[in-house]
Amino acid sequence: MQLPIFAFSGPKDWALVALAALILALLPVVFDDPFFILVMQSLAYLFIVTLGLDILVGWTGQISLGHAGLYAVGAYTTALASARLGLPFWLSAPLGVALAGLFGAALAVPSLRAKGPYLAMVTIAFGFMAEVTSNRWSLTGGPMGIMSIPPPTLPDGSEMTATQYFWLIAGVALLCHLLAANLFRSRMGRTLLALQGSEIAAQSVGVNVYRYKVLAFVISSVYAGIGGVFFAHQNGFINSDTFVFSLSVSLLTSALMGGSGTLFGPLVGSVILNLIPTVFASLHDYHLYIYGGIILVTIVFLPRGIVGSLQQMPALRRLRRPPAVITPDRSVLDFARDSAQDGPVLVVRGLAKSFGGIRALSGVDVAIKRGTVHGLIGPNGSGKSTFVNVVTGVFRASAGKIMLGERELPPQGPHRMAQHGITRTFQSIRLFVDLSVIDNVMVGFHLQLKSGLWAHLLQTRAAVAEEAAYRGKAMALLELVGIAERAHDPAQNLSYGQQRLLEIARALAARPQLLMLDEPAAGVNPTELHHLSRIIRDIKAAGVTLLVIEHHMELIMGISDVISVFDFGQKISEGSAAAVREDKKVIEAYLGVAEADHDGAVHA
Amino acid sequence: MSLFFAKLWQALVSGLSIGSIYALIAEGYYITFVTTGALNFGQGEFLMIGALFGLTCYVTFGLPYAVAVIAAVLLTGVMGAALERGAIRPVMRHALSLSWVLSTVAVSIILKNAAVNLWGPEQIKFPSPFGEAVLQIGSAGIFPQELFIIVAALGTVFAVQMFLRRSLLGKALIAVAFNRNAAAVMGINVPRMVVFAFVLSSALAGLGGILIAPITFAWAYMGTVPGIKAFAAAIFGGLENPIGILIGGLVIGLLEQLLGMVNSNLKEGITFFFILIVLAIRPTGLMGRREITKV
């Protein structure tokens, strides 16, 4: 995934937009040929559909082989509303777009949990249902189609000329592109990319995964609906021959060919692919060879698409704007200071979790005192990670209570637990690999960022200011964990130990009352280890309560106020480092019972 | 009433025969999906090539049906190897994990064009080796070819499963499916097994084509819909569950034919509606393994 070369952020960008608008306005005037204008109209609305598909493919990593169905919903709705009900263009068109959006929302439901080929099936099934419906339903007219769809009209009721209609379509296309670009570089785009990296990690900082996926589906469908509406009124006649599987394939190909997830990929891809039938019209017997060949060559040799591959070229990479200097805002950790009262932050009673017949946790009681570092140790498979997973809502407890202070929490998903102030890091690192280091932290601020969809679409002053303020806070968190100088690098370029630190910074961004670190020292070298224990102390000093799972005894004994020891899913000991170290049960759990240890060697 | 039962019987037999074709193709999806995580979206076009090439062997060259079957299976098998080398292997390293969807669709588009060039765009009658006479069983009239399809397709599905479970080569394939690296360490040539998986999968589609052609027609566009419906069958049962896939194929075949008795429009759309409902409830198919995410 590549971030766009050009991002709209200043007057220079608006000059570019104005230039694009001027070129589009002049095109039909300079080349005043009916066929040319018709082709331009088609290219413009197919671009909108491709862009919508790219929002799904490039941003959420979901594939859709059923977009022809959504395109059909828009086309048939406006066709029926205007030809049969006599609604004017200005009413039937928005109706078509809205209905396509609704279908997208409905389609999102079976798509939410399905992955890979199963997800492909959902979209294929939808596409085929639309195809069969348009072919067989009396209302849609099947192959006979719907005739005499009224041409688009101006607000005064007079018919638009082909040039005026092109201006309308091109204007909407430009607007769609700007909105998508704004969304792409805003919190929404970032969150969607984060979901591609790791859904569970995004949930751990409070992202409601379902909501975002539905959002992406709806936006994508609205764009498809817009395209369908323009198509219907351009032709004046639609029938079932258009809305077939091969149209969905063609749309997906144009998204991938240009480069999915790039700013100009959909434009390049849709223009090239949709010009092919016009250019090769004389080679009708072989057009499927050409078409199939182009798809194959694109997929095999240009996996990033045309624009994506260009962006990889060193000469063009240098064109990218250097990142702005960000002043760290060190007030970011102040949130925890006021909450430094006494009493437990988390109380767990009788917590149990079974997987089939395996009891990973059987009746554990733990109370974590506010403002402390609470260590959690135990041999492998003793239930430590399961404990974190249940408390953070990744797994549902089989039995037991989880209480936040005095309040008992009902079982709920990880994004809800993040709202209650419980966040975590992961034993096997789960970063948002498509994002930069600082953007990983920015996703962590998810629950605090207030500007909504419209603010981001329009890039309002408030949304931009909020974003800038939180970048400062993110920088301060990166400073805290000591990787500020890597802020603009891709997260995947960090060393293993640095990736663990980034996870801590991201979790801190969510303003946790309780931060759970699952083996933060695993795979970390001795220098980094020293660094890590200092960071944990700093976080504690800021007022955040920590639960630390660790196998590194020196670290855990050094930093913990209280240590709980798990073995076979039960708590076998608890107390200060010194007390736990002397506990016979703990020694047995780690080293085995004395008489079994014939040679006296230590097998820890 | 007896007319109703006659129709019901016919629908059941037709449903089982078309369903066993779906199952046959879908087992092909299973074999490549478990070994590589990819499958051939052009499976339907391999079916079409099997049917048309079989037609050429059987009608044009006058070869015996059995020889035509073998020829069709061999050709599609070889095409499967070419598909793996040309459209699967080069894209499996790509970032977009579903590149193979489009690369195999591209191959299927090319195959359609080739079929139109070679055999023309018309529907061609494929004479059944068992004659065109309708077999009267009770009040129901059934084509002998339909019965042959059920026996041959289900027999093949069963034989393939026995092969995978009992033979050394089959076990090696399953080993690759289970754990690629471990299989490689044990001396199994993984790339070769992957090619083999696609050969087997494509051959099954080719066989499906020459089996089904006598009860439909043979033509360039015959494959797409059965290919997609077989995919629905595989998804219904769970792509990693061969028994679920077999059941999925038969259920979808029967569902279509039985609903076709009521309304022919329902017949076309029901499979896809049904699969959407199934996936909304069980995202890995009705009999698929539920994913437990390890965190």
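This is a short walk through a predicted model, taking in its chain contact, its salt bridges and a nonpolar patch on its surface.

Okay, so let's start with where chain A meets chain B. On one side, 44 residues of chain A take part in the contact, and on the other side 48 residues of chain B do. How much area do the two chains bury between them? About 4100 Å², and 78% of that is on carbon and sulfur atoms. If you're wondering about that way of putting it, the size of an interface is often given as the accessible area lost when the parts come together.

What about charged pairs across that contact? The count of salt bridges between chain A and chain B is zero. Polar contacts do turn up, though: seven residue pairs across the interface, with both residues at pLDDT 80 or more. On the chain A side, the elements that give two or more residues are α5 (116-136), α10 (245-258) and α12 (287-301). If you want to pick one to look at, go for α5(A), as it supplies the largest share of that side, 13 residues.

Now, salt bridges in general. Side chains of opposite charge can pair when their charged atoms come close. Over all chains, the model has 17 salt bridges. I'll show you three of them.

Take R190(A) and D439(A), whose side chains meet at 3.9 Å, N to O. This pair ties together distant parts of the chain, with R190(A) in helix α7 (residues 187-197) and D439(A) in helix α17 (residues 437-444), 249 residues apart. Buried or exposed, these two, R190(A) and D439(A)? Both are buried.

Stay on D439(A), because its relative accessibility is just 10%, and anything under 20% counts as buried. D439(A) also forms a salt bridge with R471(A), at 2.7 Å, N to O. Here the link runs from helix α17 to helix α19 (residues 461-481), where R471(A) sits, and the two residues are 32 apart along the chain. Which residues end up in one network through shared partners? R190(A), D439(A), E467(A) and R471(A).

The third one is E199(A) with K213(A), at 2.8 Å, N to O. E199(A) belongs to helix α8 (residues 199-204), K213(A) belongs to helix α9 (residues 209-235), and they're 14 residues apart. The two ends of this pair are covered to differing degrees: E199(A) is partly exposed, with a relative accessible area of 26%, while K213(A) is at 8% and so counts as buried.

Right, over to the surface. There's a nonpolar patch of about 860 Å², made by L16(A), L19(A), L22(A), I23(A), L26(A), V29(A), V30(A), F31(A) and W167(A). Which helix gives the most to the patch? Helix α1 (residues 11-30) of chain A, with seven residues. L16(A) is placed in that helix, and with 43% relative accessibility L16(A) counts as partly exposed.

One last stop, A541(A). You'll find A541(A) in helix α21 (residues 526-541) of chain A. Why does A541(A) count as exposed? Because its relative accessible area is 60%, and the cut-off for exposed is over 50%. And for a sense of distance, the C-alpha atoms of A541(A) and T78(A) are separated by 62 Å, with their positions 463 residues apart along the chain.

That's my tour, thanks for listening.

Terms used:
Residues are numbered from 1 along each chain as its sequence is written. Chains are lettered from A and ligands numbered from 1 in the order in which they are written. This is a predicted model: local features need pLDDT of at least 70, side-chain atom pairs count only at pLDDT 80 or more; totals for chains, interfaces and linings use all residues. Side-chain values use heavy atoms; hydrogens and water are left out. Patches are made of residues with over 30% relative accessible area and no salt bridge: like charges are joined within 9 Å, nonpolar side chains (Val, Leu, Ile, Met, Phe, Trp, Tyr) within 5 Å. Accessible areas come from the Shrake-Rupley method with a 1.4 Å probe; for residues, only the protein chains shown count as cover. A salt bridge is a side-chain nitrogen of Lys or Arg within 4 Å of a carboxyl oxygen of Asp or Glu. Helices (H or I, at least four residues) and strands (E, at least two) are DSSP runs, numbered from the N terminus. Buried means under 20% relative accessible area, exposed over 50%, partly exposed in between (1.4 Å probe, protein chains only). Contact means heavy atoms within 4.5 Å. Buried area is the accessible area (1.4 Å probe) that two parts lose on being put together, summed over both. A polar contact is a pair of N or O atoms within 3.5 Å; within protein, one must be able to donate a hydrogen and the other to accept it, and residues adjacent in sequence count only if both atoms are side-chain atoms.
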